Every structure is written in C-alpha cells, then in structure tokens.
Amino acid sequence: MILQITIAVPILAAALLATAGRWLPRLVVDVAAVLAVAAVAALSALTLTRAPHHAQVSWLGGWGPATGVGIPLVADPFAAGLALVTALLTLAALLFSWRFFTEIQAIFHTLMLLFLAAMVAYVYTGDLFDAFVFFELMSVVAFALTGYRSEEPSTVHGALNFGIIQSIGAYLTLSGIALVYARTGQLGLATVGRQLAGTGTGGGHGDALVTAAFVLICTGYLVKASAVPFHFWLADAHAVAPTPVCVLFSGIMVPLGVYGIARTYWATFAGLVPLRAIAVLGAAAALLGAVMCVLQHHIKRLLAYSTISHVGLLLVGVAAHGPDALAGTAYYLAGHAGVKGALFLAAGALLNRHQTADEHELRGRGRGMPVTGATFLLGALGLAGLPPSGLFAGHAVTEHAAEELGWWWFTPLAIVASALTAGAVLRVWLGVFRGTPAEEDPAHGGRPGAGGGHEDPETRPTLRNLPWTMLTPGLVLLIGALLVGLIPGGPVGTAAAMFTDRDGYAALVLDGRVPHPHAVPADPWTASGVAGFLATLLLAALVAVYAIRRRASESASERPGGAGPLARTAAAAAARLHALHSGHIGDYAAWLTAGVAVLALLTARF
C-alpha cells in the first residue's frame, strides 16, 4: 500500500486546495502543500531503504499477475531514489515560493502537487500504457505551469511551443505502445519483456516491428529529455516559466525522459534493439547544449541549455549498455538535480531583486548578495565536477565503463561539455557578483540596461533582504549535490545491476522475488576522474576569463572593421545557431520529424 499512498497523498492535497484554497489563508495553503510533499519524501525514503531487500510491488484494483492483466507499481532502488529526488526538489521549490510569490492563488500549489504525483507515478509504474498516461498528465500540468503568467505574450508563446511539441511526441509514443500491444497482447513491462524474449525475436536482434515500436516509444521520451534535435522547446519554456517551476523542469522532469528510455529498454527491449543511436543523439546534445549555453546572456536560458548538455551525457551513459555505466548515470543525475535546482533558485533571487535575468544588465549588481554569489560559484565548480560531487562521481564511473566499450571519445566529450557549461556559469559569477556595474561598464557605453533584458518581475514587491526560505533551499540542494559522490559504490552498483537485469525485473514484478545479481561496486575515486576534473576546471576558467575580456573589448569590436576574421567567423556561426532556434513551432515540428527519421535510420543501421 505504501506506493499507492505515496501517489495519493499529493493528489488528495491538490484536490483539497483546488476546492477550498480560495477561502483558506495563504499560510495554510503553503503549509498544507509543504506537508504533503514532505510526506511524499518520507514515504519515498522509506521505500528506498526497503527496496534492496523486500519486494516493493503493488497491483492496482486487486488484479495480479495470475489473472494475466493488471497494473503494477514497482519500486526498485532506482525508482525509489528518483521518487525521493523528485519530492526533495518539489519541497525546495515550494519553500522558495513562500516569499518569492507575494500574490499567488492556491491553483499554483495544486498544479505543483499534481506535477509531483504524476512524476512519482511515472517512475513507479510497471505498465507501458500507464507510463504514457502519467507522461501526459505530467506534460499537461507542466504546460499549465509554463503558462502560469499568461498575461504576457512571451509566456503564451513558450507554453504553446512546449505543449504542441510534447503532444506530438506523446502521440508517437502511443503509436509505439500500440505496436507492442499488437505483437504481444500485453502492456506490462515485465510481461512484454518475457514474451518478446521468448518469441524467437531475441538473440540480439528484433524484427522490424519491434524496432519501430522502440523508436516510436523513445521519441516521446527523447522529446521530454530534450535530446538533439528534439530540444528546441526547452529554452523557450524555461525562459518564461516561474523560477520554482524551472527547478522541477531542469532538475528532474527532463532527466525523467532518460529514465523512461532506460526503463523501457532494460525491462522490455534488452537485447532486441541497439542503443548506439541513443549515444549519437546524446553526444550531439552534449556538444550543442554546451555551445548554446556559452552563447546565452539570459541566465535562465543559459541554465536551460546546460541542462540539454547534461542530459546528453546521461543518454550516453544509458547507451553504454551496462550496469557500470548506469551506476555512473545515477550519480550524475543526482548531482545534476541538486546543482541545477540551486542555480535556478539563485537566478530567481536575482530576478526578484533586479527585475532582470540578463547577464549584461546584472553586471556588478550582485555584490550585495553574498549567499547567491556563493551559490553561483559553487554551482559552477559542481558543474565542472568538483569532488566529491555527484557530477564528479558520474563522470568517473561512466568514463571507466565507456573505456571498456572502446568509446575513447566519451572522456573528451564530457570534459569539453562540462567545461563550457561550467565556464558559462563561472562567467556569470565573475560578471554579476565581481564585475563593474553596468552603468559604469564601457562595454555598454555607460548606458544602464543596455543588455535589453528587463523583464516584469515574477513577484511584487521586490525584496530588499532575501528571507531564509529563499536562501536555504538552494544551499541545501547544492550541499547535497556536492556530497552525493560520498555514497558508497556498493549500493549504487547493486541498484544498477538490478535495474539492468530483465529477468530479475520480471521475477520481481510477476513472481515477487527480489533479484540479487552479481554487482561490481562503482568506484568514483580514480586518478583519471580527478585528472578529468582538473582539466575541466582549467578549461572552464579559460572560457570564463576569455568571455569577460572579450566583453571588455566589445566597444571596439562593434565599430566597422573592429573585429578580426576569427571573431567574425565565430559571430556568423553563433548567428546561424541562434537562427536554428527560431521560436517558430513549425520549425520545431519539422526538426522533430527529422529526428524520428534519424533515430530510426541509426537504430536500423546499428
């Protein structure tokens, strides 16, 4: 019953607030929402402690595997850990919202609770169709949260882009599920996995129908994960969504797309289709996201593109096809969630104080915000893989697994992508918290607001002194992310081995037996891991310093003939990349269609 209760608590609280929230005092609404989320976190933590040793499976409606039908909720260590991370990020976002939003209706808390319930149910479900249902519920609520400030045209535009692209991806996923049902007559992940493994389509290669089903199902998850070329909606949505919502979008909703691919593959399609196509898309996302991150001056967009880059590395870890790589992916995901959540909360603090998220306008104006500045600095170091952070452990463990596959390119890919994203955030810290105020900045001709990024504040009035509810959540998330690497490698390796054991998952769901596969402990403390961090940190510092110095010479560059040929070439390339991210929904849909074709072609070829 614990899994049902975990999902039911936020739904019941959301129903209560939707019904009576307009008559309840604001403090009561805040406390009720926070208590509901805290209960989910406690139940998820309890489930996580029990998952390695006890069968955490619940069949809804009294049905069970003996009947041949039924919807299971399954909590292995990975699923329970993700549910806990989701609850903790939601708790941080709601606590930040207490003073961030001075005027807010209970509908915001209702949507946040429903969002939490949808994500937790998506993580726990062991049924393909119900995964789609919770996937859609997640998308619908996220669409409403993205467009929460619907009085602004840019918000409506970003929300529509999000909603349309997510809907197209969902329809393709549903088509893939229909193909699976046509082949097997089943929808349970474990049941379908057993049938596909025993119908003669195994042996390392599935037939065309199995391959098509996998490609279509993964398309919706890749849209959610913002893999290239399915990523265009992400920055538009993050730029307009309220800051507490961005914490959940970047911190956990986008990585859940990666989880969906991993769960579907290992429980159902393992050995039937190759995963190298996912690695190709992941590598493209890691590089493109990192480059676009450096090119941004809107801080929320900058952080959104860094999420695309990190998700690319997560996809490569999943595609590495083994428990070792998946253990590294788990470390990396947990570290990413904490660091990215903290950075978005820090960006929200800047937006509240100065009514802009533009890096140029904020130059030097963060000097009176030491805690927010420390968050950006530590966040940049975390993105670079500062030991013992989860990002450091994830890089080290995944690097070892990639080397065993002969993927020599993973290490330079991870170093370059991490250095560019960390360097962009370090550049923000140097400019906003250590630089000269924009009013005195010669790069902008001494004109205040030359960055052109002034926005209406997400909350009124602005706060001269940030309360603890806006400072503590980010610091706690950041500290947690920086300590994730201290989690022993044994439990993480065991959890990864359980996750990648298709027969073991089927035994857990259908027979009630907890698998105990042989697992090699994941060891993040390697010489190559430390060397990778030092190289990443050096490159990140060079990126940040170069950007700051280049900005100081912008006045001369803006004059005709002032820029050199290399600078003009770089500017032309950057303009082309920006043009690809046009904001037009037709362009984004076209890229999605092309992405499906590329994914199908690569999957068939590999």
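1. Contact here means heavy atoms within 4.5 Å. On that basis, and leaving aside neighbours within four places in sequence, Ala283 is in contact with Gly312, Val316, Trp409 and Leu413. The model is a predicted one. Ala283 sits in helix α11, residues 276–295. Its relative accessible area is 17%. Buried means under 20%, so Ala283 counts as buried. Arg568 lies 285 residues away along the chain from Ala283, and their C-alpha atoms are separated by 27 Å.

2. Next, the nonpolar core. The largest one holds 201 residues. Phe115, Tyr124, Met253, Phe269 and Phe376 touch the most other members. Helix α10, residues 243–269, supplies the largest share of this core, with 17 residues. Take Phe115 as an example. Leaving aside neighbours within four places in sequence, Phe115 is in contact with Met138, Val141, Ala142, Leu145, Leu248, Phe249 and Met253.

3. Helix α10 also pairs with helix α3, residues 77–100. The two axes come within 8 Å and cross at roughly 170°. Angles over 145 degrees count as roughly antiparallel, so α3 is roughly antiparallel to α10. The crossing is left-handed. From α3, the contact uses Ala79, Leu82, Val85, Thr86, Leu89, Thr90, Ala93, Phe96, Ser97 and Phe100. From α10 come Thr243, Pro244, Val247, Leu248, Gly251, Ile252, Leu256, Tyr259 and Arg263. By class, the α3 and α10 contact has 13 nonpolar residues, five polar and one charged. Leu248 of α10 takes part in this contact, and Leu248 is also in contact with Phe115.

4. A second helix pair is α13, residues 323–354, with α18, residues 489–499. Their axes come within 8 Å and cross at roughly 120°. The two helices are therefore oblique to each other. This crossing is right-handed. On the α13 side, Pro323, Leu326, Ala327 and Tyr331 make the contact. They meet Gly489, Val492, Gly493, Ala496, Ala497 and Phe499 of α18. The α13 and α18 contact has eight nonpolar and two polar residues, with no charged ones.

5. Is helix α9 (residues 232–240) enclosed by the rest of the structure or exposed? It is largely enclosed, because nine of its nine residues are buried. They are Phe232, Trp233, Leu234, Ala235, Asp236, Ala237, His238, Ala239 and Val240.

6. Helix α19, residues 502–511, is also largely enclosed by the rest of the structure, because eight of its 10 residues are buried. The buried ones are Arg502, Gly504, Tyr505, Ala506, Ala507, Leu508, Val509 and Leu510. What do they pack against? The partners are β1 (57–59), β2 (72–74), α7 (189–197) and α10.

7. Asp511 belongs to α19 too. Asp511 has 39% relative accessibility, so it counts as partly exposed. Leaving aside neighbours within four places in sequence, Asp511 is in contact with Arg194 and Ala506. Ala506 is one of the buried residues of α19. The C-alpha atoms of Asp511 and Arg263 are separated by 19 Å, with their positions 248 residues apart along the chain. Arg263 is among the α10 residues that contact α3.

Terms used:
Residues are numbered from 1 along each chain as its sequence is written. This is a predicted model: local features need pLDDT of at least 70, side-chain atom pairs count only at pLDDT 80 or more; totals for chains, interfaces and linings use all residues. Side-chain values use heavy atoms; hydrogens and water are left out. A nonpolar core is a set of buried Ala, Val, Leu, Ile, Met, Phe, Trp, Tyr and Cys residues joined through side-chain atoms within 4.5 Å. Buried means under 20% relative accessible area, exposed over 50%, partly exposed in between (1.4 Å probe, protein chains only). Helices (H or I, at least four residues) and strands (E, at least two) are DSSP runs, numbered from the N terminus. Axes are lines fitted to C-alpha atoms, for helices over the stretch in contact, and angles run from 0 to 180 degrees between N-to-C directions. Angles under 35 degrees count as roughly parallel, over 145 as roughly antiparallel, 65 to 115 as roughly perpendicular and the rest as oblique. A crossing is left-handed if the near helix is turned anticlockwise from the far one by less than a right angle, and right-handed if clockwise. Ala, Val, Leu, Ile, Met, Phe, Trp, Tyr, Cys and Pro count as nonpolar, Asp, Glu, Lys and Arg as charged, and the others, Gly among them, as polar.
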